[in-house]
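Visitor: I am new to this structure, and I would like a close look at a single part of it. Could you take me to the place where the ligand sits, and then show me a little of what lies around it?

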Amino acid sequence: MLNGKRILLIVAGGIAAVKVPDLIRRLRERGASVRCILTKGGAQFVTPLTLAALSGQKIYQDLFSLTDESEMGHIQLSRDADILLVAPATADIMAKMTAGIADDIATTALLATDKPVMICPSMNVMMWTHPATQANLETLKARSVEIVGPGAGDLACGEVGDGRLAEVKDIIAALNRFFQRQRGDGALARMRVLVTSGPTHEPIDPVRYISNRSSGKQGHAIAAALANLGAQVTLIAGPTAEPDPDGVAVVRVETAAQMLKASREALPCDIAVCAAAVADWHVADASKTKLKKSTTPPRINLAPNPDILATLAQPGPQRPLLVIGFAAETGDVIEKAKVKRAAKNCDWIIANDVSPGSGTFGGDDNTVHVITAQNVESWPTLKKREVAEKLAGLIATHAAKFL
Ligand code: PMT
C-alpha cells in the first residue's frame, strides 16, 4: 500500500523525535519515499545528517533559505507529496496548525498544502489532556486531519499516562489504512476476509508441545495480498515469527481450540482462507505440571482437534460466501486434495506438496494447484508472496462475478 507513496515527514521538537529514524527506515522498506522537514525543536533531538542519510534526501529546515527555496519552494514541497505526516506532533505545532500560524517552514508547509495531513501527537500527559490541546485536537479532527495515537505509558518526563508517540508499526498501519481508504476502489474493498496461518501448539505439559514446521509465511502473505486489494482482513495466526502484515487485524492464538474460537468470533465474513497447519490432535490429558524424566517414557493420549475449515464451510447462515482450504500432501497431491475439498465442503482447495525436500513448509517458494469443483489449475513454482498475490487476484475476479 505504501509502495511509491511520497511522504513529507515533519519532525517537530519532542523527545519522541528519536524514533523518527526507525520510522523512515520502515517507510522506505515498504517502497515509500520520505522527504523531511526538521523544525528547530526537532533538531535538538535528531540530527539533519541522520535524517538525510536514512531518507536519502535533502532535509528542509529554513523557510528563508535561498538554496532551499530555489531548489524546491515551500509551496511545492507541501504539494509534491501524497500525505504530510507530522511525527512527533507537539502541543505547540498542533496549536499553530489550529490557529493557522505559519512562522517556520513546517507550519508554512502545513498551511499551504492541498494534501491530506496525518499527525502523531506526543507530549507530556498534562499538556495532552489540557483543554487547549483537546480543543485544538477537535478542531483538527473537524478539518479531517488524521490522528494517530498517542499511546499510554511511561513518558520521557517521568510521568505516566497518555502522550507517548504511537508505535512505528501503528503509524505504518494507519498510513496503510489511510491509503487503502483513499483508494477505495480496491477490488476487494469492503469485503471481510478471515485468514488462518501458521502452526498450532498443542501442550503436552507447560513446557512441551506437539506442533509442525509451518512458518506462517504462506498464510501471512495471503492476508497481506488480500489487504492490499482493499479487503478488511482478520488474520488468526498460530505461533510464528512472521511479523504482522500491515493493514491487517491480527489475532494471535496457540492451540487449535483457540484458533477455532477466534475464527468463530471473526464471523460473519465474506471469504475465508484456511492456510494454517492446524494440528489434527491435541493431548487429551495434558499435564498441568512439567512431566518428570523417568525410566519409562510417558504415555501421551491424543484426542482429535476440531476442524476449523470444515466448521467454517458447514452450510448455514454464517457460512462465508467463498471458503478456501489448503491441502498439504506428500504424494497423489491433486487426487487427495480433491477428496479433501469434498470432505470439508470448501469451495476451492489449494493443494501443495509438502514431501521432504519440497521446502514447502518453512521455505519461500510454493508450487500449488488450485482445485475447484469443476477445475484444476496448476501454477509454476512461485515465491509464496507471488502465490498469495495470484490467489488474491483470483479471489477478486471471482468476487466481482459472484459475491
Ligand atoms: O506456513 P508455511 O511454512 O508458509 O507453509 C505453508 C503451508 C504448507 C502450511 C500451507 O501452504 C498449507 O498447506 N496449509 C495447510 C496445512 C494443513 O494443515 O493441511 P491439511 O491438508 O492437513 O489440512 C487441510 C485443510 O484443513 C487446511 O486448510 C487446514 O487449515 C484445515 N484444517 C486442518 C485441520 C484442522 N484441525 N483444522 C483445519 O482447519
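Guide: Here is a walk that begins at the ligand and then moves out along the chain.

A word on the model first: it is predicted, so local features are described only where pLDDT is at least 70, side-chain atom pairs count only at pLDDT 80 or more, and totals for chains, interfaces and linings use all residues. Residues are numbered from 1 along each chain as its sequence is written, and side-chain values use heavy atoms, with hydrogens and water left out.

Let us start with the place itself. The ligand sits in the largest pocket. A pocket here is an open set of points on a 1 Å grid over the protein atoms alone, where a 1.4 Å probe fits and protein lies on both sides within 12 Å along at least five of seven lines. A molecule sits in a pocket if more than half of its atoms lie within 2 Å of the pocket's grid points.

Around the ligand there is a shell of 28 residues, and the closest are Ser214, Ser215, Ala276, Lys340 and Asn352. To count as near, a residue needs one heavy atom within 4 Å of the molecule. The shell divides into 13 nonpolar, 9 polar and 6 charged residues. In this grouping Ala, Val, Leu, Ile, Met, Phe, Trp, Tyr, Cys and Pro are nonpolar, Asp, Glu, Lys and Arg are charged, and the others, Gly among them, are polar.

Which elements build this shell? Helix H10 (217–228), helix H12 (308–313), strand E17 (322–329) and helix H13 (333–344) each supply at least two residues. E17 gives the most, with 4 residues. Helices (H or I, at least four residues) and strands (E, at least two) are DSSP runs, numbered from the N terminus.

Now look at the polar contacts, which are pairs of N or O atoms within 3.5 Å; within protein, one atom must be able to donate a hydrogen and the other to accept it, and residues adjacent in sequence count only if both atoms are side-chain atoms. An oxygen atom of the ligand lies 2.8 Å from a side-chain N or O atom of lysine 384. A polar backbone atom of proline 306 is 2.9 Å from a nitrogen atom of the ligand. For phenylalanine 326, a backbone N or O atom is 2.9 Å from an oxygen atom of the ligand. On its own the ligand has 770 Å² of accessible area, and the protein covers 96% of that. These areas come from the Shrake-Rupley method with a 1.4 Å probe; for residues, only the protein chains shown count as cover.

One of the closest residues leads us outward. The side chain of asparagine 352 makes a polar contact of 3.0 Å with the side chain of asparagine 366. Asparagine 366 belongs to strand E19 (residues 365–366). Asparagine 366 is counted as buried because its relative accessibility is 2%. Buried means under 20% relative accessible area, exposed over 50%, and partly exposed in between, with a 1.4 Å probe and protein chains only.

Stepping back, the protein chain has 14 helices and 22 strands. Of its 403 residues, 49% are buried. The C-alpha trace spans about 75 × 55 × 40 Å along its principal axes. Helix H6 (residues 105–112) is mostly covered, with 7 of its 8 residues buried. At the start of H6, a side-chain oxygen of aspartate 104 comes within 3.2 Å of the backbone nitrogen of alanine 106.

Some backbone details are worth finding too. Most residues other than glycine have a negative phi, and most peptide bonds are trans. Glycine 149 and proline 150 are joined by a cis peptide bond, with omega about 5°. Proline 150 lies in the loop between strand E6 (146–147) and strand E7 (151–154). Another cis peptide bond joins leucine 267 and proline 268, where omega is about 0°. Serine 144 is not a glycine, yet its phi is positive, about 70°. Serine 144 lies in the loop between helix H8 (131–142) and E6, and it is exposed, with a relative accessible area of 56%.

Key:
1 Å grid on protein atoms, 1.4 Å probe; cavity = no way out; pocket = protein on both sides within 12 Å on 5 of 7 lines; lining within 4 Å.
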